[in-house]
Structures are given as structure tokens and as C-alpha cells.
Amino acid sequence: MKTVIGKIKKNIWLYLVWILAVCIFWSWLFGMLTQVTKEEKIVVFIGSGSLSFDRYDELNKARPEYILELELNVHTTAEKNFSESLNIFGIGESDILILPESYLQNESTEVVYAEISAAYCSLLPNLGTLERNGKVYGLKIHDKETHESLISCLDYGEGDGEENYYILFNRKSMHLGELSSSEGASERDGAIVIARRLLSL
Amino acid sequence: MRELYSKERLLRLRSAIKRSVLVAVCVFLFFFIICTTVCFFTDRTNATLLKIFNIVISGVGGCVVIYWVLNRILPLIARRDYMESLLFSAGRTVSGTVEDTGIVSTVSRYIYARELRLINDEGNAFLLYWDNEIPFPDLNDKRVELRIVHNRIVAYEVTK
């Protein structure tokens, strides 16, 4: 027994490296096996005047049972790289987006965001709509003229910096329910449920 | 002259290496199959438990294989190489009186040898090595004739 221990001690670093490698490998693999998939997760991208959003817990309670994770991606429009963040994390990964009007002027709106049907326009509270070619792509949540807003905990700017804000749904989202154009997605309406809760915060 | 090494011994050594490698592969596969099977039964409810199980199993399995490789396979390979270098090299014969220094040193990795001093008829001393794996026949203070390859003794004969 002493000989065995002595032989192990001679090359102890090799055994330690192996054990460390094993820990890293299995942690990574089990992380991959159990990671939350896009079908089980809703991402909300918020681009407003501040980085704070303190009503996450209330929003999280509203998530449907099939949604395992609700992720908030809060950015400020004053950020140097906000446009890049919007493209990567917003348009690229999010299901729901809250954005100021100045970032919704380009022609890609119709390509990027899902069309909101009249039924849903009446179902979801709003202060107006964002229309392109007669179709609704966003619901107004803050009006800079009347200073009225549906989500009270966001910073919409002040004075000349104040803007109209809209809530939009990413066309690629898997949680749009009947708004989705893809077949079989109508059962997953998590984004609509979360949006309804958001609009009453 | 009595030979210390033979081709039969080398063949036995080669098959011992093959067996040892096979054992290592089998042990590795055994632990690998257990861990892979566990992965197929993983879901979010049992992930932490099965992860710890896999870490322990593959940690222990890997350490066993490493121990086996370091302490069984590599020494056997080193001995095979050592024997091959002695069996297939041309040696030379020297004679004289042997003095056992009693020192055991490493002649190459995993190979230990007893240091002997051979004093020839002209009074010159040579440092020679006797493989520590082979029982030393007490040649101390005896006149011998030795066949050596690179200072390693491969055959000996006690002369009068």
C-alpha cells in the first residue's frame, strides 16, 4: 500500500490535472445537455434611457409554465454601441423588444418584426400603433406629447430627448402564438403573455 | 558464458506489454461506457447528481488507467527497448576482477542497475552495470570474463 501511495505521489500532478480536466469536461457537457433551449426561454430586449428595470420579479411570475427562463436584456440608447447591441442581442436573440421611435425608422421594420393582427391590437393595451404599408408592427407604450406611458418603470427621456416608445415582437420568435407565421407555433404564446404583463407594469 | 538476456525473454516481454495495454483499454472502455450511458439518462431533475457521479467515476477510472500506464506499461516498454538494444548490438569481451560497489543507479528511465568495477590485467578500472532485475551471483573479488554492450553486462563467466 505504501508503495502504491509513493508511486502516486511521484506523479501526483498528473492525477490532479486529470481530475481537474474531468470536472471541467463534465460540467461543460451537463451544462450543454440541460441548457434552456430557445423553445423554453423568452428574451426581452429593452432600449431606453436607463439601465435599470426593477420589476423583473413581477414579470417573471407571469411567465407561462412551459417557459423555464425569462431573460431581460436592458440597454441604454446612450450607449456608444447601442446599434450593435440592438442587432446582436435585440434582433438576433430577443422575442420582445421595447425601442424608441428613432430606431424604428429604417425600412427593415417589416422584415425584422412580426405583424400584429387587429385582434391582438385590441387585446394588448396600447397608445397607438407603428404602421408600415398599412400593417401594424408595433404598439406604442409611451407618447412624448401626452407623456402617458403603459410601462411606468422605464426611463423615456426628458425634454428634447423624450421619444415615443414601442413594443415589438421579433418575427423569428417561437413564442408568438397565432401571430407566428410558422406552423405548429400557435400553442406557444409566451411572448404575448409576457407582453400583456409588461404593459400593465 | 552465461547469457543474461534471451530472445525468448524478449518475446515474453512483448506479449506482457500487449496484455497490459489490453487491460488499460478495457478499464478505460468500462468507465467510458458507464459515463456515456449515464448521459443518456440525464434530464434537468437529476443532472447535478449524475454529473457528480460521472466526475467521480471518470476521475477514479482515469486515475486507475494513469497509474497502470505509468507503473506497468511504461516500465515494460522501457525494459523491452533496453533488452532490444542489448540483444541486437555487437558487444565486446573484457576480463578482470570484479569489485561490487553496492550502488544501484538508473541507467535509463525505469531501468536500475548495480554498479560494478572491473579491474583488468593492466590495472585499469572500468565502471560496468549489472541489471538489477537479474539476481546478482556474487562475483565480488572473482576473476571473470564479461561480454558488455555500452558498459552493460550481457553475459559472464567466472574464470580461474
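Contact is taken here as heavy atoms within 4.5 Å. The structure is a predicted model, in which local features need pLDDT of at least 70 and side-chain atom pairs count only at pLDDT 80 or more, while totals for chains, interfaces and linings use all residues. Residues are numbered from 1 along each chain as its sequence is written, chains are lettered from A and ligands numbered from 1 in the order in which they are written, and side-chain values use heavy atoms, without hydrogens and water.

Chain A has a mean pLDDT (the predictor's confidence in each residue, from 0 to 100) of 86, with 97% of its residues at 70 or more. Within chain A, confidence is highest in helix H2 (residues 12-34), at a mean of 94, and lowest in H6(A), at 80. Helices (H or I, at least four residues) and strands (E, at least two) are DSSP runs, numbered from the N terminus.

The largest nonpolar core (buried Ala, Val, Leu, Ile, Met, Phe, Trp, Tyr and Cys residues joined through side-chain atoms within 4.5 Å) has 35 residues. Buried denotes under 20% relative accessible area, with a 1.4 Å probe and protein chains only. H7(A) supplies the largest share of this core, 5 residues. A:Ile96 is among the residues with the most contacts inside the core; beyond its neighbours within four places in sequence, A:Ile96 touches residues including A:Phe45, A:Phe169, A:Ile194 and A:Leu198.

In helix H4 (residues 82-91) of chain A, the buried residues are A:Phe82, A:Ser85, A:Leu86, A:Gly90 and A:Ile91. Their cover includes S1, S2, S3 and helix H5 (109-112) of chain A.

Methods:
Buried < 20%, exposed > 50% of the residue type's maximum accessible area, 1.4 Å probe, protein only.
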